[in-house]
Amino acid sequence: METSRRADYVIMGAGIAGLRAAIGLADKGRVIVITKEQLGESNTSYAQGGIAVALGGEEDVSAHLEDTVTAGDGLVNREAAKMLVEEGPLRVEELLQWGTGFDRHNGELMLTREGAHSRNRILHANGDATGAEIGRSLLAHARAIKSISLLEWTMCVDLLVEGDEVVGLTVLDHEGQLRVIRARAILLASGGAGQVYSDTTNPAVATGDGIAMAYRVGAEVSDMEFYQFHPTALSLPGVPRFLLSEALRGEGAYLRNSRGERFMDRYHALEELAPRDVVARAITREGMGTGGELLHVYLDMRHVQGVDLRKRFPSISAFLVQHGLDLSRDLIPVRPAAHYLMGGVKTDVNGKTSLKRLYAAGEAACSGVHGANRLASNSLLEGLVFGARAAEMMREEPEPAASAEFSANDSNSTFMAGNETNILLMELQRVMWQKAGLLRDASGLLEAQSALRQICSKLPGTSDRSSLELRNLHAIADMIVCSALAREESRGAHYRNDYPNRDDACFQKHSVLSKERRAVRFESD
Ligand SMILES: Cc1cc2nc3c(=O)[nH]c(=O)nc-3n(C[C@H](O)[C@H](O)[C@H](O)COP(=O)(O)OP(=O)(O)OC[C@H]3O[C@@H](n4cnc5c(N)ncnc54)[C@H](O)[C@@H]3O)c2cc1C
């Protein structure tokens with residue numbers, strides 16, 4: 001690659017949001033889609049359960065809106081949620097036209113239900129591999145379009161700002177060289193940041209890079225205290241926290257503690273199908289060891305009759321078999337893991353951030369559509385709907401005025417040698433899990449803040465991928481802790497032991513952070 005490149009549009013990320021946006025821009029100019037690893041390595045590819053969409057007409061759309069608003073615990077931006085549910089059917093129709101093979105029975109699309117949905121509206125593919133199928137079909141469609149270039153093994157490093165506009169970005173290419181790419185508009189579709197916690201369902205690429213990059217150049221970031229923890233990730237020593245979809249509980253799985261007792265009736269009337277945050281906190285309490293360490297509880301499907309579990313959950317079954325476990329025969333050890341970031345770069349309903357020519361969509365963005373807690377299977381839909389909406393707006397961006405050339409050295413990063421990256425990363429993840437995880441309080445969060453300050457003083461400045469990711473994760477951790485400290489209440493996925501109640505008078509608002517103001521402020525929609 002030459003040291004400096006130009007495109008009309010640059011998209012950071014090749015998950016559902018990035019690919020859908022690229023397709024929407026392709027007839028308007030040259031689009032470069034950048035991805036840190038190979039195409040297909042993204043949260044999108046790991047999505048199991050499905051995509052929520054109201055295909056049953058107006059009543060279904062209204063019910064989907066109400067379910068989304070209820071799950072968001074008082075913080076959903078209703079305008080954004082209305083767009084999500086109303087435009088969802090059209091966007092899913094496009095996916096069908098582009099060849100996405102959702103599961104069917106006698107030719108009809110199969111619809112299942114997950115926690116907190118009032119009716120069956122979840123489409124799935126290959127049983128429990130929905131994201132991989134959607135990603136496959138979007139990628140096939142994008143590959144066939146000449147004006148879209150797909151750049152693999154390339155890491156976006158920093159955004160470049162001229163005056164008050166974002167005009168490009170620096171990337172670390174597959175040979176480790178820093179390059180500049182300029183564009184008329186840039187979309188951050190870089191996904192979540194699960195790697196900020198020691199226990200996560202997210203793949204290694206989920207390091208919050210886009211959010212940290214935007215924050216560094218002054219963009220506003222919102223709702224970072226809201227991290228959804230999935231209640232049931234596989235808990236085996238030395239094995240990644242593989243997700244065991246909520247659909248297992250939808251099919252009748254029980255949760256049992258180490259004494260073999262079911263316990264969810266002590267926590268919620270809906271028992272195993274209670275909202276995710278309730279189940280995750282219940283597991284944390286039930287699975288606590290005598291030394292305060294989180295052990296695990298068990299998922300039990302041994303009693304489930306009339307469902308061929310291997311056929312209904314082929315990917316999950318295959319993964320479990322590799323570890324000597326069988327859903328119909330064994331108790332499966334599970335514990336919660338960080339799963340989905342409701343917060344992100346603050347956008348309006350068209351993906352516009354607070355900086356000119358900079359857009360965000362998907363998990364990296366925060367339009368307020370999920371409020372304080374995402375409704376299950378709404379995030380794939382969000383990527384589709386808001387990826388498409390962002391593309392519509394980006395198309396209207398005028399050509400930038402002729403401007404000075406940037407060199408890769410204009411990056412905001414300073415590069416010095418350092419070799420402690422891995423140890424520092426593990427320390428950061430541990431601190432975040434223990435002090436800013438599922439159950440929080442002021443003293444733990446203050447301890448986290450001081451640990452993060454220590455880690456900051458040791459951050460390496462090298463320009464290799466792992467150091468850059470560590471720097472980004474540190475910024476994300478700092479934003480989560482600051483926002484969690486400021487929100488002195490419990491709401492949705494954010495639970496404070498020292499403020500266990502919801503406080504609408506003070507906090508029915510979104511937290512907003514920006515580098516310029518530093519302190520967290522709270523804003524209404
Ligand atoms: C195990 C699992 C199961 C899930 N199940 C479901 C489900 O059933 N239904 C549902 O709706 N949601 C589910 N989710 C959530 C959902 O998958 C994600 O929220 C959604 O796919 C995010 O899409 P995205 O396009 O925003 O980001 P992603 O799909 O995560 O894509 C991010 C892209 O950005 C790239 N990237 C990141 N940083 C950089 C960088 N610095 N430079 C270049 N490229 C970069 C990555 O390489 C990747 O290509 C699940 C998530 C996980 C992890």
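**Close-up views of the ligand site and three residues**

**View 1. Residues around the ligand in the predicted model.** Of the 37 residues around the ligand (near means that a heavy atom of the residue lies within 4 Å of the molecule), Thr44, Gly50, Asp209, Glu363 and Ser379 come nearest. This is a predicted model, in which local features need pLDDT of at least 70 and side-chain atom pairs count only at pLDDT 80 or more, while totals for chains, interfaces and linings use all residues. Residues are numbered from 1 along each chain as its sequence is written, and side-chain values use heavy atoms, with hydrogens and water left out.

**View 2. Make-up of the shell around the ligand.** By class, 13 residues of the shell are nonpolar, 19 polar and 5 charged. Nonpolar covers Ala, Val, Leu, Ile, Met, Phe, Trp, Tyr, Cys and Pro; charged covers Asp, Glu, Lys and Arg; the others, Gly among them, are polar. At least two shell residues come from each of helix H1 (16-25), helix H2 (43-46), strand S8 (155-162), strand S15 (332-341) and helix H11 (378-394). Helices (H or I, at least four residues) and strands (E, at least two) are DSSP runs, numbered from the N terminus.

**View 3. Backbone atoms facing polar atoms of the ligand.** A backbone N or O atom of Asn43 is 3.0 Å from a ligand oxygen atom, and a polar backbone atom of Leu380 is 2.8 Å from an oxygen atom of the ligand. For Cys156, a backbone N or O atom lies 2.8 Å from a nitrogen atom of the ligand. Of the 1,000 Å² of accessible area that the ligand has on its own, the protein covers 97% (Shrake-Rupley method, 1.4 Å probe; for residues, only the protein chains shown count as cover).

**View 4. Arg335 and Asp199.** Arg335 lies in strand S15 and is buried, with a relative accessible area of 12%. Buried means under 20%, exposed over 50%, and partly exposed in between (1.4 Å probe, protein chains only). The side chains of Arg335 and Asp199 make a polar contact at 3.1 Å. Such a contact is a pair of N or O atoms within 3.5 Å; within protein, one must be able to donate a hydrogen and the other to accept it, and residues adjacent in sequence count only if both atoms are side-chain atoms.

**View 5. Two loop residues with positive phi.** Most residues other than glycine have a negative phi. Trp153, in the loop between strand S7 (148-151) and S8, has a positive phi of about 50° and is partly exposed at 44% relative accessible area. Ser377, in the loop between strand S18 (365-366) and H11, has a positive phi of about 70° and is buried at 6% relative accessibility.
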